[in-house]
Each structure stands twice: as C-alpha cells, then as structure tokens.
Amino acid sequence: MTSWSRIRSWAHAIIRRSAMEREMDTELQFHMEAYALDLERSGVPREEAMRRSRLEFGGVERTKEECRDARGVSFMETFVLDLKYGARTLRKSPGFTIIAALTLALGIGANTAIFSLVDGILLRPLPYASPQQLVSVKGTYPKGGFVAMREQMHTMDVAAYSEDHEFNLTGYGEAVRLPGTLVSAELFSMLGAQPELGRTFYPGEDVAGQDNFVVLSHALWEQRFAGDPAIIGRVIELEGVGRQVVGVMPADFRFPSARGALWLPLHNDPRNTTAYWAGDFMPVICRLHAGTKLEQARAEIKMFQSRVTKMFPWPMPAKWNADVSVVPLRDGMVADVRGRLLMLLGAVVLVLLIACANVANLTLSRAATREKEIAIRSALGAGRGRIATQLLTESVLLAGFGGLLGLVFAKGGLSLLKATLPTDMPRLMDVHLDWRVLVFTGALAILTGFIFGLVPALQSSRVTTAESLKSGGRGAAVSVSQRLRSTLVVVEVAFAVMLVLSAGLLIRSFWAISHTNPGFKSEHLLTARITPNESFCQDAARCLTFYRSVVNEAQASPGVAGAALVNTLPLGGRITKRNVDIEEHVAAPGENAPLFWLDVVTPNYFRVMGICALAGREFNDADEAGSAVAVVTASTARRYWPGENAVGKHMRLLKEKDWRTVVGVIPDVRAFDMQSSEPEWIEGTAYVPYNSSATLEDGRVPAEMTIAARTNLDAAQAESTLRRVVSGLNPEVPVSEMKTMREVVSEAVATPASTTSLFATFASLALVLGMIGIYGVLTFLVSKRTREIGIRVALGARREDVLWLVMREGAKFSFAGIALGLAGAMAVMRLLASELYGVSPMDAATYCSVTGAMAAVTLLACYVPTRRAMRVDPLTALRED
Amino acid sequence: MANKPVDVLQGTLDMLILKAVSLGPLHGYGVLLRIHQISKDRLEIQQGSLYPALYRLEHQGWIASEWGESENKRKAKYYRLTAAGKRKLQSETEKWNRMAEVIAGILSTGREEV
C-alpha cells in the first residue's frame, strides 16, 4: 500500500511536474491569504495583514524546495531540471561551450582511436578457441626438433609453422605468386579453427610423401576460383607440383598474419638430414593441457631443450635456445609492437590530460564570473550540495557533447591511423571501433566531466553568500581558484613541452634516417620480382639462359636505359645467407665459417643501381661467363683485411672448390634497413656474378631474382613492358611486387615515419591546447584586474609598466611549465631511445630549440590579453560596476 | 509560564498533523488552526514548516489529499486520514504514551528511591 502510493507519487511528480508546481503554488497562496483574511477580521488593515502573513509564513522558495524533497522525487526531478538548466546555460555562452567541447572532443577522439588500436592488438583475446591456453615457445626449431618436441611433451600439444613462403600458382589465369604458410598437420585443430568448406589437415599429413594437400584462404578462393565449392578435391598446380585442395578457411581466419593465402603441410623427411635438422628454423606454438600451469610447461620445455641438443647429427652450440621458455601466444605475437603502442598511448593520454586541464580552467574561470549567480541561488535556499550537483551535471553534459563529437573524430582518426601505420603490424586488420571502445569513450567522457567539474563545483559552492553579493564577483574565492588555475596551466605547459620534445627528437631522428645515403640511387628505378618455379632452376643452364634473355630484352625495350638482376634487393626485406671461407681466416675445424650475406648479380647491376667501386673494378661480361671473382663491401674489407688492399685477396663460398679473387670493393649499401647494412648476426657482404657457380646453400643457382630497370617511362608503361618481356619468354613465370625503388625505400622507413607523424600530430594538438590554456588564464586575470590596472594607470603607471605587469604573470606560467616539462622529459625520454636513430634521447640541440620555441609560443599566447590590459582606460575601469 | 507557547518537539509535528486530520478532512491552514485550537494556543508552529510535513505524510501514504472548496468559496486542498494513517496514528500514540510515562517516571524519581 505505502510503496504503491510512493510509486504513484513519483510517477505523478514526473509526469505532472508542472501541474504539481502550480498546485503547490495555489496551496501556499491559499494558506497565506486565509491567514491574512483572519488577521483582517481581527482588525488589522489589509496591507499590514498581507505583510505579516508573508513574514510569518517564512521563506516560500525554501518551503517549496523542502516540499519537493519531501515528495521524494528530488533525484529524478532535479536531474532533469539540472540537465535543462545546464543546456540553457551552455547555450547562453556558445564561445565557452564550443571551445570546451572541441577541446574535449580532440582529447577523447585521439584517445579512442589509439585505444582501439591498443585494444585490438594488445588486449583483445586472439580469435582462436580458448586463447588463454595457447602459448608460443621462445626460440625456433628445425623440423627434427619440432617433431621430437611434439612426441615428448606431456603438458601441452605442439604445432609448428613456417611463414613467408611463396608459391607460383599456374593454370588458373595469369601465373601468380602467392604467400603461404607451411604448417604442421595439427595446427588448425589446435587453434580450434573450422574450415568454411572441406576439411583441414589430418594428423600424419605433414610427413613427406603424404603431404600433397593445400588449404586455401577465403580471399584466394573468391578471387582465383570464383568461390566455386567444387574446388574441394580438385588438384591445383603450385610450384609445378600438383596438390589437392582439401579445404577453404573462412574470411576472418588469419594465421599467423593477414597476408597468407595458402596453407600447406610441413614436409617432414628424416632421411634428408640437412633439411630435417638445419633447414627452416620454425616458431612453435602449443596448447596447454587443461589444468597445466605455465610454470609446469616452462619446466618441461627446459628439460626438453637439454635433450634435443644431443639429438642433432652435429654438435650444437651451448647457447642455442639456452633461454627457452613459453609465453602466452598473444604476447609472443605482438611483442615487437607493444612498446611502440604503449608509447603512443602514453602520448595521447598526455593530450587528454592537457585537454582536461584546459576545460577545468575554462570552467573555473567561468565559475568565478558566475559567483554572483551562485550566491543568489544559495540565498534563495539552494544547499551547497545542490549547487555542486548542478554544476557537476553541467560538466558531465559538456563532456557528453565532447564525447559524442570525439567519437566522430575517433572514427575518422582510426581510418587515418590504419592507413598511416605499416601494414605488417600484427592484428591491424582486427582493429575497429566497437562497443568496448564505445564504453571506454563513455567512461572517459564522464570521468573527464567529473575531473574538470568537481574542482570548480566544490570551489564555487564554498562561496559565502554575503561576501560575494557585496563584492560583486571579486570575492575571496577568486584568489583560491587563481592558485588552482595557475597550477593547471603550469602542468599543461609541462605536458605540452614533453610531447613537443619527444616529437622533436623523433623528427630529428626521422630526418637523419631519411637523409642517410642508402648507397644506391633510387631515382628512375623500377623493380619487380621474377620467380620461376624452384624446379625450373634445377637445370642451371636453362635458368641462366632465361634470365639472360630477360635482361637483354628488357634493355632493348624503348625507354629502358639499363636493366640488371639481383637475388636480394636492398631494403627488399629478404636476405640470402651463405657461409664463406676467407683466405688467411679459414675457420678451424669445429668452428663455423663466417656467415655472409650473398648477393648474386648480373654484371651491370652496380651501374644500374648507381654504385661505383671504391677500389678495383665492378663485374664485366667475362665474369658472367664464369670467372671466379667476388666484390665485397667496404666494411667487409675493413673487417677481414684491415689496413690492406682487399683487391686481390681470396675467398670462396663454403664447399666451393676454387678460390674467388676479390676484384673490387664497393661502398656499404643500406640493404637490411636504413640504419644498417646488415643484421648483426651477418658477418660480411659479398657480391658474386650470376653464373653456374653462384650457388646458394642448397647447391642450386638462385631461382628468384629481382629485376631493377633504370627507365624514364612512367610506372604503368614500365610495368607493362616488364610483364610483356617475361610472359613472352615464359608465361608460367609470375612477375610480382612491382615497385619503384623510391617506394621500396619509403616502405623501409614506414614504421619511423608513422610514429613520427603521430607524435608530431599529438605535439601540435598539445601545443595549441597549451596556448589556449595560457591565453584563457591571462585573459581572465586581466579582466579581473581591470580595476587595479585602471587605478595604476590613473596613478601614473606607463604602458610599459602594464605590459610588464601582465607579461610577468604569463612568463611565470611559461617558465615554470617549461622547467617542469624539461625535468619530466629527462625522466621519461629514455623510453623513446629504441625509436631514435642518430640522435640521443638527451640531445642538447633539440632540448634547447624546443625550450626556445615553447617560450616564444607561450609568450605569444600572452599577446592578446596583454594588449587588452595596455588599452585599459582608467575612467571606464573605475566606473565599472 | 503555562501560557507561553512552546516550540513543537522534534518529530512530533507528524503526529499532531495525523491527529488533527483524524477528526475530519482539513486544508493546510485548517490543520494549523486545529492544532492551535486543541492545544489552546500553547504550541508554536512555524507556518511554512507545515507543508513539507504534509507532503511527506502524503508521500508515505498516511494521508490523502483532494481539491475542494473552502468556507470562503475558494479552491483549497483537503487532507484526510487514510486507513494506514489511522493505524500509524494508533501505534504512534501508544508509543508516545509509553515514552511519556517512562520519562515522567524518571524525572519524578526522588533521591531516596535510587
């Protein structure tokens, strides 16, 4: 009964709010009139009776407020009321509202975009069954090691894969090169991945002789096979070998990366000792058995490691996989990008903090000018909590606007981000705005509203009524909130300094990278991969004849000034490693021969790439016919023949019969990345002419070559020329990765480029927000001190004195902020060290120029308020209020 | 001393209002008059404080209200006791009596009785 009446009363109050307000008015009015009437009857004159009646009744507004509270609907009602009131107030000062909402939107938008990235890549569980049981092994194993592991592990199931293989698909349209992954038979079932069509591999199908199967990706199935379900069971030709299609994976299945178009079984063949124990060293992933702890798995794999080294047909170095362990699969997959993503998140959180400080500042300034309004409301009976709640509602409303707008920014920002980031970033395809991020944005918006709303709300509600009404808005609260505001601005400038500094360092580093001389001339160079089947080059003569024709015909084409072949293009992302013997440095028995990067080139390669020999000569046509010669890079020459002339020395590829004579030394080429010529585990670089003795580790001449053509043709023309040449000679040979050398170079610096541009964006955001912050505070200060300035001017202060008065305030914020920012930067900037090249994280020049620039920019922000102060007219100022 | 009005004891206003309307429906001003009348002007009630109490009691369901016409032919809101209100008044009265008895007993205790 009573709860029913309560609900009815609530419902009543909410639905018929204005009616109830009217009724309340009528009722109280009736009371006062009835009392006045009684007084009149006892002889009091009408006027006096009305006055006494009002007096004795007490505060009408306070009574009404208490009545509303008593009705128990105050929360809902108040909230609706506050929202309406807040919206009205915000509409009344559109300048404040727009700046505050935009500031927040930028902060929230940037944060949501970056958070989507962090969430999609680092936080979200992998899209496989029970992903928490999946782990990856730290270290790689050859087929033999993996098979042993699979047999011996008790705590987990084991699978292996080998990425970055390529296969020619012929017979279905133009010959095409497809990226594929070799997987152990149980990999799919371990991931819990179901095929869209057909089946995945059965156990045992990764054994040599039983492995002629293939699983297709959804995209490949659609593009090449028109989505025909009859593909299952059909035999397709990959690298000239027929393989039966057994399954098609669904579109959202990606393993290990989004690139893969094919999955083939591993080819485990224990009889081929070299391939089985020394071939591909593969990553291994495992699924922990139910109830197994990570520690148990770690202990078991350590035990296994000590056994497996003894299973190799040759002694293995003791340090090989000595630190073997297992880590959660997701951590293993994203380990490379984790640091960079967290760095971006840190930077963008700084931007949000600056935005919050800015809006808090704006709100504080506004609250100070609203002191009178608040004082009146409290005189009319509004409690302190009530006023704080109202101001808070207003802030949350503002943050809500900012959040909504920020979501729009985030959507745009995220697509921009995905376009900017290097495409090889793991899981980038999985990143999108979704409900998790929506929740995050919502929480962020509300939290932000509270952060910047709470301080001013508490502050304003502390205003004492009488004082504020008396002083006309120059109350005691001003000095308190002034301190708070100053602190906020200083912190804001400090954060901005840190961001600008990091952007400055990254820009310097990027400048250094992109102005590195790569050692070749990238202009007017078109490159493309030409990849006949492996088997085609088993017959070395056939292979060499084909390639010789390719080069000749390409050079004969109109518009082509020169063409050459190389097995691994500089910055092309591939390495050919080969052990070599060096005369006078021959490795002792039991020791490993030096591991070199072997470049196999046609004689005119150096000329086409714009590389000139430092000493000796380049290759000539006689070398192509079969001379035993080599060219080394300058650093290789220094390493093995320091202080001597390398020309005339001798070296040979491992197991080669004859010594090769070093005929030339060329400058170092940035072949691995823009920072280094070689990875650190490579001990030298040698070039040999492309002839029948230029063999790789497997004893064959290289089959995959990259053509580099110097041409004035535009990209499309040059491309069709190259394709025509190759397909004219052999239609079964695909031409792929057609790129200009400039594109190759810019892809090589894609990662630092994206990091740098993101930081530069954040830094400019921070800079603008910081400027707005200083500007806002000074403007407020000047408006509050107009009267004081007026008096000073009236007493004879000159314009310079006023200038100093204001600028001194501005400079105080600026220098305190810069000092704090520099101190903060010194503490955290070493986190950036891994991203920097050619510049120290403590680079004095950058610190100095950023300090100077920040000082200039912040003082610039003081300009407008200072000018306003200097124009103060003493008469007007003193007449105010 | 006996004629000087005393302020209403904290928390007893609700009880007085329930009692007042139990004798017949009243508007707010009538409740005030009725309390003055039955207390023989010995209780002082701040006029404004009456209404929050009335709203609270109505919200709790002890009293109900409806619009009617006053003796001066004016529109006025009349309050009457509900069944729940009647029970409430009863229990409150009993509680008050017990309490008054106990307190009176304590206050009249002489030295020799301890």
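**Exercise 1. The contact between the chains**

Determine how many residues chain B and chain A each bring to their contact, and which elements of chain B take part.

*Solution.* Step 1. Two residues count as in contact if their C-beta atoms, placed from the backbone, lie within 7 Å. On this basis, 18 residues of chain B meet 23 residues of chain A. The model is a predicted one, in which local features need pLDDT of at least 70 and side-chain atom pairs count only at pLDDT 80 or more, while totals for chains, interfaces and linings use all residues. Residues are numbered from 1 along each chain as its sequence is written, and chains are lettered from A and ligands numbered from 1 in the order in which they are written.

Step 2. Helices (H or I, at least four residues) and strands (E, at least two) are DSSP runs, numbered from the N terminus. Two or more residues on the side of chain B that touches chain A come from each of α2 (28-38), α3 (50-60) and β5 (75-81) of chain B. Of these, α3(B) supplies the largest share, six residues.

Step 3. Ala, Val, Leu, Ile, Met, Phe, Trp, Tyr, Cys and Pro count as nonpolar, Asp, Glu, Lys and Arg as charged, and the others, Gly among them, as polar. The side of chain B that touches chain A then divides into six nonpolar, eight polar and four charged residues.

**Exercise 2. The fold of chain B**

Describe the secondary structure of chain B and the order of the strands in its open sheet.

*Solution.* Step 1. Chain B contains four helices and five strands, arranged along the sequence as β-α-β-α-β-α-β-β-α.

Step 2. Strands pair if DSSP finds at least two bridges between them. An open sheet of three strands has the order β2-β5-β4 (chain B), with antiparallel pairing. Its edge strands, β2 (26-27) and β4 (63-69) of chain B, each pair on one side only. Two bridges link β2(B) to β5(B) in the antiparallel sense, and H27(B) stands opposite Y78(B) of β5(B).

**Exercise 3. Two helices of chain B**

At what angle do α2(B) and α3(B) pack, and which residues make the contact?

*Solution.* Step 1. Axes are lines fitted to C-alpha atoms, for helices over the stretch in contact, and angles run from 0 to 180 degrees between N-to-C directions. The angle between α2(B) and α3(B) is about 110°, and their axes are 10 Å apart. The two helices are therefore roughly perpendicular, a term that covers 65 to 115 degrees.

Step 2. G28(B), V31(B) and L32(B) of α2(B) meet L50(B), Y51(B) and L54(B) of α3(B). By class, this contact has five nonpolar, one polar and no charged residues.

**Exercise 4. Strand β2 of chain A**

With which strands does β2(A) pair over five bridges, and with which over eight bridges?

*Solution.* Step 1. Strand β2 (residues 156-171) of chain A pairs with β9 (residues 282-288) of chain A over five bridges in the antiparallel sense. Here D157(A) stands opposite R287(A).

Step 2. Eight bridges, also antiparallel, join β2(A) to β3 (residues 173-183) of chain A. S162(A) stands opposite L182(A) in this second strand, and a hairpin through one residue connects β2(A) to β3(A).

Step 3. A further antiparallel pairing, of two bridges, links β2(A) to β6 (residues 235-238) of chain A, where T170(A) stands opposite E237(A).

Terms used. Parallel < 35°, antiparallel > 145°, perpendicular 65-115°, else oblique.
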